[in-house]
Amino acid sequence: MKDVTITVYHDSRKPSQSGIYPVILKVYHDKLARFFPVFHNHQKLRLSIGDFASSYHAIKTRSEFRPFKISIEACYKRAADIVAKMQVFEFRKFELEYLGATDAEKELIYLYNTIIQENETEGR
């Protein structure tokens, strides 16, 4: 889809005492942005500013940072594939696919209820 943009973002807006920050995918659609975590070994990936630069931005990644770069690129590709399969983009459908929804969450009644809740919160 041409109207959806995905970027990798190191969320270092709020200082943390440990010096590590989450690595996230920022998904843009219709002037809205939503954030989705990047996973590494089934956990949300958190890196220091230097480690993020050494893993994701480096042209030639050193061996200790290669697994992080592979995880970031794999999550990005997975998100891009999900967007490419969708005929009409909706954040909720993307979230269900990206985060791995259970079978119960994919049921029609669940989807209707989430759409109703979203519309009510938006005042429609």
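What pattern does the chain follow when read along the sequence? In this predicted model, the order is β-β-β-β-β-β-α-α-α-α. That comes to four helices and six strands. The C-alpha trace spans about 50 × 30 × 30 Å along its principal axes. Of the chain's 124 residues, 31% count as buried. Looking at contacts between residues at least 6 apart in sequence, 44% join residues at least 24 apart. The chain exposes about 8,700 Å², and carbon and sulfur atoms supply 53% of that area. As for charge, there are 19 positive and 16 negative side chains, with the centres of the two sets 7 Å apart.

Next comes the interior. The largest nonpolar core has 23 residues, and V23, L25, V27, F89, F94 and Y98 are those with the most contacts inside it. Two or more residues each come from β1 (4–10), β2 (21–29), α2 (66–85) and α3 (91–98). Helix α2 gives the largest share, six residues. A core of this kind fits a broader habit: in soluble globular proteins, nonpolar side chains tend to be buried together.

V27 gives a good view of the packing here. Not counting residues up to four places away in sequence, V27 touches V4, T5 and I6 on one stretch of the chain, L32, A33, R34 and F36 on another, and the phenylalanines F89, F91 and F94. Two of these partners, F89 and F94, also appear among the core residues with the most contacts.

The aromatic side chains deserve a paragraph of their own. The structure holds eight aromatic pairs. In the pair made by F89 and F91, the ring centres are 5.1 Å apart and the planes stand at 80°, so the arrangement is edge-to-face. Both partners are covered: F89 counts as buried at 5% relative accessibility, and F91 counts as buried at 9%. These two rings also belong to a cluster, which F36, F39, F89, F91, F94 and Y98 form together. Within that cluster, F36, F89, F91 and F94 are also contacts of V27.

Helix α3 ties several of these threads together. Its buried residues are F91, R92, F94, L96 and Y98, and they pack against β2, β3 (32–37), β4 (39–40), α2 and α4 (108–121). What about the arginine in that list, R92: buried or exposed? R92, found in helix α3, has a relative accessibility of 18%, and since the cut-off for buried is under 20%, R92 counts as buried. Leaving aside neighbours within four places in sequence, R92 is in contact with Y110, T114 and E118. As for the spacing of such contacts, an α-helix has 3.6 residues a turn, so residues three or four places apart point the same way. After α3 comes G100, whose phi is positive, near 75°.

Away from the helices proper, F65 is a loop residue with a covered side chain. F65 lies in the loop between α1 (49–57) and α2, and at 9% relative accessibility it counts as buried. Which residues does F65 contact, leaving aside its neighbours within four places in sequence? They are D51, S54 and S55. F65 and D51 are 14 residues apart in sequence, and their C-alpha atoms are 7.4 Å apart in space.

Finally, two loop residues have backbone angles worth a look. D30 is not a glycine, yet its phi is positive, about 50°. D30 sits in the loop between β2 and β3, and with a relative accessible area of 57% it is exposed. N41 is another residue other than glycine with a positive phi, in this case near 55°. N41 lies in the loop between β4 and β5 (43–44), and at 62% relative accessibility N41 counts as exposed.

Key: Residues numbered from 1 in each chain as written. Predicted model: local features only at pLDDT ≥ 70, side-chain atom pairs only at ≥ 80, totals over all residues. Heavy atoms only, no water. Core = buried A, V, L, I, M, F, W, Y, C linked by side-chain atoms within 4.5 Å. Buried < 20%, exposed > 50% of the residue type's maximum accessible area, 1.4 Å probe, protein only. Contact = heavy atoms within 4.5 Å. Areas by Shrake-Rupley, 256 points an atom, 1.4 Å probe, with all protein chains shown as cover. Lys, Arg positive; Asp, Glu negative; His and termini not counted. Charge placed at Lys NZ, Arg CZ, Asp CG, Glu CD. Phe/Tyr/Trp six-rings, centres within 6.5 Å; stacked < 30°, edge-to-face > 60°.
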